[in-house]
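Visitor: I am new to this structure and would like to learn how to read its features. Could you walk me through them?

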Amino acid sequence: MSYIDGFVLAVPTAKRAEFVAHAEHVDALFVEFGALRVVESWADDVPHGSVTDFYRAVQAQEDEAIVFSWVEWPDKATRDAAMEKLRDHPRMMEMPMPFDGKRMIFGGFSTVYSFGK
């Protein structure tokens, strides 16, 4: 079964185009090193909760949108090998992040069930 890296971040709404350019650059590296698919999603219908929500999770400010992204890998071994290569890859370092990376939450997930295409 596939392995998923998931990300939630807050991106200034004024930097949407910069974020897309950054994603295109970085996501190409993920695919080059074995990712099957990368999805970048800009908040469209993300409610504010009364106890917790995506906004609180990343300490989003008024002028920031939530981005939810994931990278699908064929397996954890491919992902681990790619992450090792990407850590210090020069092309990874040449593109400035248009968001505060300290507030990004991320993690790796083993697929336990998948339905559909």
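Guide: Gladly; we will go from the core to the salt bridges and then to the surface. Please keep in mind that this is a predicted model.

Visitor: Let us begin inside. How many residues does the largest nonpolar core have, and which have the most contacts inside it?

Guide: The general idea is to look for buried nonpolar residues joined through their side chains. Here the largest such core has 18 residues. Those with the most contacts inside it are Leu-9, Val-11, Phe-19, Phe-30, Val-71, Trp-73 and Leu-86.

Visitor: Which helices and strands each supply at least two residues of this core?

Guide: They are β1 (3-12), α1 (16-32), β3 (64-73) and α3 (76-87). The largest share, five residues, comes from α1. Apart from this core lies another one of five residues, among them Val-8, Ala-10, Tyr-55 and Val-58.

Visitor: Could we look at one core residue in detail? What is Phe-30 in contact with, leaving aside its neighbours within four places in sequence?

Guide: Phe-30 is in contact with Ala-35, Val-38, Val-71, Trp-73, Met-83 and Leu-86, once those sequence neighbours are left aside. Both Phe-30 and Trp-73 are buried.

Visitor: How should I read a pair of aromatic rings?

Guide: Look at the distance between ring centres and the angle between planes; an angle over 60 degrees counts as edge-to-face. The count in this model comes to five aromatic pairs. In one of them, Phe-30 and Trp-73 are 6.0 Å apart centre to centre, with 85° between the planes, and the pair is edge-to-face. This pair links distant parts of the chain, since Phe-30 is in helix α1 and Trp-73 in strand β3, 43 residues apart.

Visitor: Which residues form an aromatic cluster?

Guide: Phe-19, Trp-42 and Phe-99 form one aromatic cluster. Phe-99 is found in the loop between α4 (90-93) and β4.

Visitor: Is Phe-99 buried or exposed?

Guide: A residue counts as buried when its relative accessible area is under 20%. Phe-99 has 12%, so it is buried. Leaving aside neighbours within four places in sequence, Phe-99 is in contact with Leu-9, Ala-10, Val-11, Pro-12, Phe-19, His-22 and Met-104.

Visitor: Now for charged residues. How many salt bridges does the structure hold?

Guide: To find one, look for a side-chain nitrogen of Lys or Arg within 4 Å of a carboxyl oxygen of Asp or Glu. The structure holds nine salt bridges. One of them joins Arg-79 and Asp-5, whose closest N and O atoms are 2.9 Å apart. Arg-79 lies in helix α3 and Asp-5 in strand β1, so this pair ties together parts that are 74 residues apart in sequence.

Visitor: Are the two partners buried or exposed?

Guide: Arg-79 counts as buried at 17% relative accessibility, and Asp-5 counts as buried at 2%. Together with Lys-76 and Asp-80, these two residues are linked in a network of salt bridges.

Visitor: What would a salt bridge within a helix look like?

Guide: Try Arg-87 and Glu-84, whose side chains meet in a salt bridge at 3.7 Å, N to O. Because these residues are three apart in helix α3, about one helical turn separates them. Arg-87 is exposed, with a relative accessible area of 51%, and Glu-84 is exposed too, at 55%.

Visitor: And Arg-56: which residue does it form a salt bridge with?

Guide: Its partner is Asp-53, the closest N and O atoms being 3.3 Å apart. Arg-56 is partly exposed at 43%, whereas Asp-53 is buried at 11%.

Visitor: Let us finish at the surface. Which residues form a nonpolar patch there?

Guide: Val-112, Tyr-113 and Phe-115 form the patch, with about 470 Å² of accessible area together. Tyr-113 lies in the segment after β4 (105-110). With a relative accessible area of 61%, Tyr-113 is exposed.

Visitor: Where does Gln-59 lie, and what is its phi?

Guide: Gln-59 lies in the loop between α2 (54-57) and β3. Its phi is positive, about 50°, although Gln-59 is not a glycine. At 52% relative accessibility, Gln-59 counts as exposed.

Terms used:
Residues numbered from 1 in each chain as written. Predicted model: local features only at pLDDT ≥ 70, side-chain atom pairs only at ≥ 80, totals over all residues. Heavy atoms only, no water. Core = buried A, V, L, I, M, F, W, Y, C linked by side-chain atoms within 4.5 Å. Buried < 20%, exposed > 50% of the residue type's maximum accessible area, 1.4 Å probe, protein only. Helix = DSSP H or I, 4+ residues; strand = E, 2+ residues; numbered from the N terminus. Contact = heavy atoms within 4.5 Å. Patch = residues over 30% accessible without salt bridge, like charges linked within 9 Å, V, L, I, M, F, W, Y side chains within 5 Å. Areas by Shrake-Rupley, 256 points an atom, 1.4 Å probe, with all protein chains shown as cover. Phe/Tyr/Trp six-rings, centres within 6.5 Å; stacked < 30°, edge-to-face > 60°.
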